[in-house]
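Please open the model in your viewer and keep the sequence beside it, so that each selection can be made by residue number. The tour below goes from stop to stop, saying what to select next and what is there.

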Amino acid sequence: MAYEESKYDVVKSNKIYEIRKYSDRLAVQVISTNQDNSFKKLFNYISGNNETNEEIKMTIPVAQMKKNGNMTMQFYLPSNFNKDNTPNPSRSDVIIVNIEGGYYAVIKYSGRASDKNFIKYKEILKNELKKNNITIVGPAIKATYNGPFTLPILRRNEAMFEVNWK
């Protein structure tokens, strides 16, 4: 099954990473002290647990980041949604957010979406950006593209940072 992916333009790439330009996009998010129920809450929202009982197609990637000691998990909404036609969540801890467009440095990797793998690739990306004098302006983002039943070798994962790019 093909899922809609957030649109972007690649503005620079090398053997290790690429710089992508993303436009504004809407997401549904949960902020929690642990990520145990976040996926389920977001999945319930797109499954119709919202004000209009509307089912919303899953998109990729699922994004996760740590901010202020809390874990934020986001599902991007399909491109046909905007602030006027997006159903409000039924739960107060599930919110709709607009993610402003910007530039993101991205390193791709396969395998499990474990914290160990993410930390390894996040550090590789951070070191390369530092070597290239590219300033990181946001927290590390773990982006996962495949379901849990995809073989690890076939999985697409990414570590991302929002960066200053001219």
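A residue is called buried when its relative accessible area is under 20%, exposed when that area is over 50%, and partly exposed in between. Please also keep in mind throughout the tour that this is a predicted model.

**Stop 1: a pair of charged side chains**

Begin by selecting R91 and D93, whose side chains meet in a salt bridge with a distance of 2.8 Å from N to O. D93 has a relative accessible area of 27%, which lies between the two cut-offs and therefore makes D93 partly exposed. R91 is also partly exposed, because its relative accessible area is 37%. As a general point, side chains of opposite charge can pair when their charged atoms come close.

**Stop 2: a network of salt bridges**

Now select E5, E18, R20, R156 and E158 together, since these residues are joined into one network by salt bridges that share partners. Within this group, look at R20 and E18, whose side chains meet at 2.7 Å, N to O, and note that both residues are buried. Then turn to E158, which forms a salt bridge with R20, again given as 2.7 Å from N to O. How many residues apart are E158 and R20? They are 138 residues apart, with E158 in strand β11 (residues 157-163) and R20 in strand β3 (residues 18-22), and in this way the pair links distant parts of the chain. E158 is buried, as is R20. The count of salt bridges for the model comes to 11.

**Stop 3: strand β10 and its partners**

Select residues 141-144, which make up strand β10, and turn the view so that you can see each face of the strand. Are the residues on its two faces buried or exposed? I141 and A143 on one side, and K142 and T144 on the other, are all buried, and both faces of the strand are covered. Next, add β11 to the selection, because it is useful to see how E158 from the previous stop fits in here: β10 and β11 pair in the antiparallel sense over four bridges, and A143 stands opposite E158 in β11. β10 pairs with β6 as well, also in the antiparallel sense and over four bridges, and here Q64 stands opposite K142 in β10.

**Stop 4: T72 and its surroundings**

Select T72, which lies in strand β7. With a relative accessible area of 2%, T72 falls under the 20% cut-off and therefore counts as buried. If you leave aside its neighbours within four places in sequence and show the residues in contact with T72, you should find Q29, V30, I31, A63, Q64, M65 and K67. Q64 in this list is the residue that you met opposite K142 at the previous stop.

**Stop 5: three places where the backbone is unusual**

Most residues other than glycine have a negative phi, and most peptide bonds are trans. With that in mind, select I60 and P61, which are joined by a cis peptide bond with an omega of about 0°. P61 lies in the loop between β5 (59-60) and β6 (62-67). Then move to N53, in the loop between α1 (38-46) and β5, where phi is positive, at about 55°, although N53 is not a glycine. N53 counts as exposed because its relative accessibility is 60%. Finally, select N68, in the loop between β6 and β7 (70-76), which also is not a glycine but has a positive phi, of about 50°. At 79% relative accessibility, N68 likewise counts as exposed.

**Stop 6: a cavity and a pocket**

Select Y22, R25, P61, Y76, Y145 and M160, which line the largest cavity; P61 is the residue that follows the cis peptide bond of the previous stop. The space in this cavity is about 30 Å³, and a search of the whole structure finds one cavity of 30 Å³ or more. Its lining has five nonpolar residues, one charged residue and no polar ones.

End the tour at the largest pocket, whose volume is about 610 Å³. Select F39, M58, N146, G147 and P148, which lie nearest its centre among the 22 residues of the lining. α1 and β6 each supply at least two residues of that lining. Which classes of residue are found there? The lining has 13 nonpolar, five polar and four charged residues.

Definitions and conventions
Residues numbered from 1 in each chain as written. Predicted model: local features only at pLDDT ≥ 70, side-chain atom pairs only at ≥ 80, totals over all residues. Heavy atoms only, no water. Buried < 20%, exposed > 50% of the residue type's maximum accessible area, 1.4 Å probe, protein only. 1 Å grid on protein atoms, 1.4 Å probe; cavity = no way out; pocket = protein on both sides within 12 Å on 5 of 7 lines; lining within 4 Å. Points joined across faces, edges and corners; volume = space filled by probe spheres on them. Nonpolar A, V, L, I, M, F, W, Y, C, P; charged D, E, K, R; others polar. Salt bridge = Lys/Arg side-chain N within 4 Å of Asp/Glu carboxyl O. Contact = heavy atoms within 4.5 Å. Pairing = 2+ DSSP bridges.
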